[in-house]
Amino acid sequence: MLKMNNLSKVYRTHLVETHALREFSIEVTEGEFVAVTGPSGSGKTTFLNIAGLLEEHTKGSYQLDGIELTGLSDRKRSQIRNEKLGFIFQGFNLIPDLNLFDNVDVPLRYRGFSAKDRKQRIESALEQVGLSSRIKHFPSELSGGQQQRVAIARALAGEPRLLLADEPTGNLDSTMARGVMELLEAINQRGTTIIMVTHDPELAARTRRNVHVIDGQVNDLRTIFTEPQQSIETTHA
């Protein structure tokens, strides 16, 4: 599904050259739930931004569903991003003056869906996150955990192949964080591939694979098995 090979990202100014990613290689297969962990400044968010086609890499190869994305036009990148990707951010990014229905509706309008199709998608997405009864509420009337569920519904309404989550529980208390994590696990079990950046080791341990990033490089890959008993396999890259 997603494959990066020897990918690098360099930020340059007239005085400083910063290597955010160095020879970064990773492969995520369809249906996986992968946690990306590592210290602050290690390159996790840069990786997620490149994976989400929000910024371009400097060198290397990035393929999504077998399509090489290196060098594509902005128009083509936007098309792939809208059709295949969904995003969940730490800060929710909800529009305060819009109710839940309209918040979920905004990205669907950009994609040109009919009013009937949008309504079906919005109602289905809000039902999946347990908020169908609050469809006319505004973000200020919801708890932090509920607002993050709206953000997840907004991503789900577009039926993405790959869901990218950047610290989705970072602004939540432990109880709300567990609820959001359980929702992400349920979404993954229905077939959506998820890549989640997190600082929380407990949440990372609940995913099937943990990709640890240090200094812009993949430090290790740990696959976690829950049956018949937990074991950890480490491969250095």
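**A tour from Gly43 to helix 5**

Begin by selecting Gly43, which sits in the loop between strand 3 (33-37) and helix 1; what you have on screen is a predicted model. Gly43 counts as buried, because its relative accessible area is 9%, and buried means under 20%. If you set aside the neighbours within four places in sequence and display what remains around Gly43, you will find it in contact with Ala20 and Leu21. Add Arg22 to the selection and draw a C-alpha to C-alpha distance from Gly43: the two residues are 21 apart in sequence and 9.2 Å apart in space.

From Gly43, move along the chain to helix 1, residues 44-51. Six of its eight residues are buried, so helix 1 is largely enclosed by the rest of the structure. To see the buried ones, colour Lys44, Thr46, Phe47, Leu48, Ile50 and Ala51. Past the end of helix 1, stop at Leu53, which has a positive phi, near 60 degrees.

Next, go back to the loop between strand 2 (17-28) and strand 3, and select Glu30 there. Is Glu30 buried or exposed? With a relative accessible area of 54%, Glu30 is exposed, since the cut-off for that class is over 50%. Glu30 nevertheless has partners beyond the residues up to four places away in sequence, for it touches Met1, Arg161 and Thr193. A further distance to draw runs from Glu30 to Gln63, 33 residues along the chain, where the C-alpha atoms are separated by 13 Å.

Now turn to helix 5, residues 144-156, and check its length first. At 1.5 Å a residue, its 13 residues should span 18 Å, and the C-alpha atoms at its two ends are 18 Å apart, so the expected and computed spans agree. The expected value takes 1.5 Å times one less than the number of residues.

How many of the 13 residues of helix 5 are buried? Ten are, so helix 5 is largely enclosed by the rest of the structure. Among those to highlight are Gly145, Gln147, Gln148, Val150 and Ala151, followed by Ile152, Ala153, Arg154, Ala155 and Leu156. To see what lies over these buried residues, show the elements that cover them, including strand 6 (85-89), helix 3 (100-110), helix 4 (115-128), strand 7 (162-166) and helix 6 (174-189).

Two of these neighbours deserve a stop, beginning with helix 6. The axes of helix 5 and helix 6 come within 9 Å and cross at roughly 20 degrees, which makes helix 5 roughly parallel to helix 6. The crossing of this pair is right-handed. For the contact itself, select Gly144, Gly145, Gln148, Arg149, Ile152 and Leu156 on the helix 5 side, and Met176, Gly179, Val180, Leu183, Leu184 and Ile187 on the helix 6 side. Coloured by class, the residues of this contact divide into seven nonpolar, four polar and one charged.

The last stop is helix 3. Helix 3 and helix 5 pack with their axes 8 Å apart, at an angle of about 40 degrees, and their crossing is right-handed. Select Leu100, Asn103, Val104 and Pro107 in helix 3 together with Val150, Ala153 and Arg154 in helix 5, and you have the residues that make the contact. By class, the contact of helix 3 with helix 5 consists of five nonpolar residues, one polar and one charged.

Key: Residues are numbered from 1 along each chain as its sequence is written. This is a predicted model: local features need pLDDT of at least 70, side-chain atom pairs count only at pLDDT 80 or more; totals for chains, interfaces and linings use all residues. Side-chain values use heavy atoms; hydrogens and water are left out. Helices (H or I, at least four residues) and strands (E, at least two) are DSSP runs, numbered from the N terminus. Buried means under 20% relative accessible area, exposed over 50%, partly exposed in between (1.4 Å probe, protein chains only). Contact means heavy atoms within 4.5 Å. Axes are lines fitted to C-alpha atoms, for helices over the stretch in contact, and angles run from 0 to 180 degrees between N-to-C directions. Angles under 35 degrees count as roughly parallel, over 145 as roughly antiparallel, 65 to 115 as roughly perpendicular and the rest as oblique. A crossing is left-handed if the near helix is turned anticlockwise from the far one by less than a right angle, and right-handed if clockwise. Ala, Val, Leu, Ile, Met, Phe, Trp, Tyr, Cys and Pro count as nonpolar, Asp, Glu, Lys and Arg as charged, and the others, Gly among them, as polar.
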